[in-house]
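Hi,

Here is the structure I said I would pass on. Have a look at it first, and then read my notes underneath.

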Amino acid sequence: MTTTVIGQSAPAGTAARTAAGQTGERAVSGSVRAGFIGSGFMAAVHSRAARAAGAQLAAIASSSAESAQRASAKLGIAKAYESVDRLLGDDTIDIVHVCTPNTTHAAITEAVIAAGKHVICEKPLATTVADAEALRTLAATAGITAAVPFVYRFHPMVREARARILAGATGRVLSVSGNYLQDWLAEPVADDWRVDAALGGPSRAFADIGSHLVDLLEFVTGDRILRLNATSRTVYGERGLSRDITTEDLVALVVELRGGAVGTLLVSQVAAGRKNSLVLEITGARESVRFDQERPDELWLGRRSGSELMQRDAATLSSDAARYSVVPAGHPMGYQDAFNAFVADSYAATNTDARDGNTTAGLPTFDDGLRAVRITAAVLASAQSGQWVEVAE
Ligand code: SOE
């Protein structure tokens with residue numbers, strides 16, 4: 001990969017590869033040309049998934065021309081633009097992946113939509129409900145594909161859990177329990193842009209990973225959190241170069257679902273020994289299901305008698321789960337596989353000829369991004385007041 005161009009828009013006269021539909025939808029045919037904004041860990045994950053989905057990795061922009069250039073060479077992305085505007089001026093780009101710090105998502109995503117492109121925006125979609133609502137409306141009006149990478153939905157055994165609940169195998173859902181525990185901030189010296197509310201937003205642990213947990217909870221159960229009561233802790237008021245830290249290290253909450261189930265959730269980024277431990281257990285009147293993200297090829301089925309640890313095997317899975325089981329049983333699938341499936345379905349959704357009910361049914365859109373921002377706002381409000389807080393639909 002040698003060609004990188006800085007500071008130039010797409011060559012003059014580049015024929016638009018797409019035709020805007022009646023709703024302004026950018027219908028894409030052929031391989032998707034993807035752009036990336038941001039050059040951190042998530043940009044690398046997104047670019048690997050885009051390549052796996054058969055996209056052309058067309059361009060990247062970052063906080064500086066130099067970092068864009070470095071990322072272009074490192075990730076094998078054709079062009080490095082000196083600014084977001086230059087990248088958005090490239091009419092050959094069909095979809096843009098927004099992988100920047102949380103408080104920049106709203107403005108950048110708005111610009112991407114204004115440029116007539118499809119968009120994948122990292123979670124949290126925005127750091128305020130108002131911004132998330134505006135983005136959801138903008139995307140709907142533009143008629144574009146607008147997705148948020150709640151990628152844990154794409155593990156086959158998550159789809160199996162969801163299929164069992166929706167088919168009634170578990171019986172009525174009575175209770176839910178879930179944890180999302182990490183330890184990359186467990187030491188007081190550990191610091192990160194997410195710690196700074198000016199870059200990460202008012203919530204840290206919950207907005208960053210609690211959003212995944214509650215999205216997965218509502219996706220798997222098909223239910224909604226009606227109200228919650230949260231308690232949070234900022235364990236270290238100072239970290240590295242950060243002072244007067246207000247964003248939370250951990251949150252414990254009790255939830256009530258619209259269907260009547262109750263449950264407890266714990267979200268922490270200071271849980272020593274837990275690397276990316278997302279565990280969700282849903283208890284039904286007949287059967288419980290438990291998914292552990294660090295053991296994604298398994299699903300525990302709990303029963304009064306005959307409990308079992310189900311292994312991923314397409315021959316035994318529901319059709320929705322089997323669809324994402326892309327290698328045979330015994331060949332472990334993992335995090336990047338789930339990410340790849342999310343990006344492939346997002347790209348398929350941009351192609352009005354290719355998309356179908358399968359690819360769009362479980363796709364996390366800006367509606368789901370807004371939902372997670374609403375729940376995060378309720379968590380912050382409850383942690384502040386100590387009271388139960390209703391979660392707006
Ligand atoms: C850091 O907490 C992080 O990279 C999150 O930002 C991701 O969304 C999560 O999937 C893994 O951990």
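A good place to start is His97, whose bridge partner in E7 is Ile120. That pair belongs to the contact between strand E6 (residues 95-98) and strand E7 (residues 118-121), which run parallel and share 4 bridges. Helix H4 (residues 105-114) packs on the sheet here, where it touches strand E3 (33-37) as well as E6 and E7. The direction of H4 makes about 165° with that of E7.

Zooming out, the sheet is an open one of 6 strands with parallel pairing, and its order reads E5-E4-E3-E6-E7-E8. Strand E5 (79-80) and strand E8 (146-147) are at the edges with a single partner strand each, so one side of each has no neighbour in the sheet.

Before you go further, keep in mind that this is a predicted model. The mean pLDDT of the chain is 93, with 92% of its residues at 70 or more. The weak spot is the start: over residues 1-23 the pLDDT is below 50, although this stretch still has 47 contacts in the model beyond near neighbours in sequence. Where pLDDT is low, the predicted coordinates should not be read in detail. By element, confidence is lowest in strand E1 (residues 19-20), with a mean of 38, and highest in strand E12 (residues 262-268), with 99.

Next, have a look at strand E13 (residues 277-284), where 7 of the 8 residues are buried. On one pairing, E13 runs antiparallel to strand E9 (residues 173-181) over 8 bridges, and Val173 has Gly284 in E13 as its bridge partner. E13 is also joined to strand E14 (residues 288-292), again antiparallel, by 5 bridges. Glu281 stands opposite Arg290 of E14, and the hairpin between E13 and E14 goes through 3 residues.

Now for the domains. The assignment gives domain 1 as 17-151 and domain 2 as 154-329 + 370-391. Their centres, taken over C-alpha atoms, are 26 Å apart. Across the boundary, 16 residues of domain 1 are in contact with 19 residues of domain 2. The two domains bury about 1500 Å² between them, and carbon and sulfur atoms give 63% of that area.

Which three residues supply the most of the area that domain 1 buries against domain 2? They are Lys123, Val129 and Phe150, which together supply 35% of it.

Cheers

Terms used:
Residues are numbered from 1 along each chain as its sequence is written. This is a predicted model: local features need pLDDT of at least 70, side-chain atom pairs count only at pLDDT 80 or more; totals for chains, interfaces and linings use all residues. Side-chain values use heavy atoms; hydrogens and water are left out. Two strands pair if DSSP finds at least two bridges between them. Helices (H or I, at least four residues) and strands (E, at least two) are DSSP runs, numbered from the N terminus. Contact means heavy atoms within 4.5 Å. Axes are lines fitted to C-alpha atoms, for helices over the stretch in contact, and angles run from 0 to 180 degrees between N-to-C directions. pLDDT is the predictor's confidence in each residue, from 0 to 100. Buried means under 20% relative accessible area, exposed over 50%, partly exposed in between (1.4 Å probe, protein chains only). Domain bounds come from an automatic or database domain assignment. Buried area is the accessible area (1.4 Å probe) that two parts lose on being put together, summed over both.
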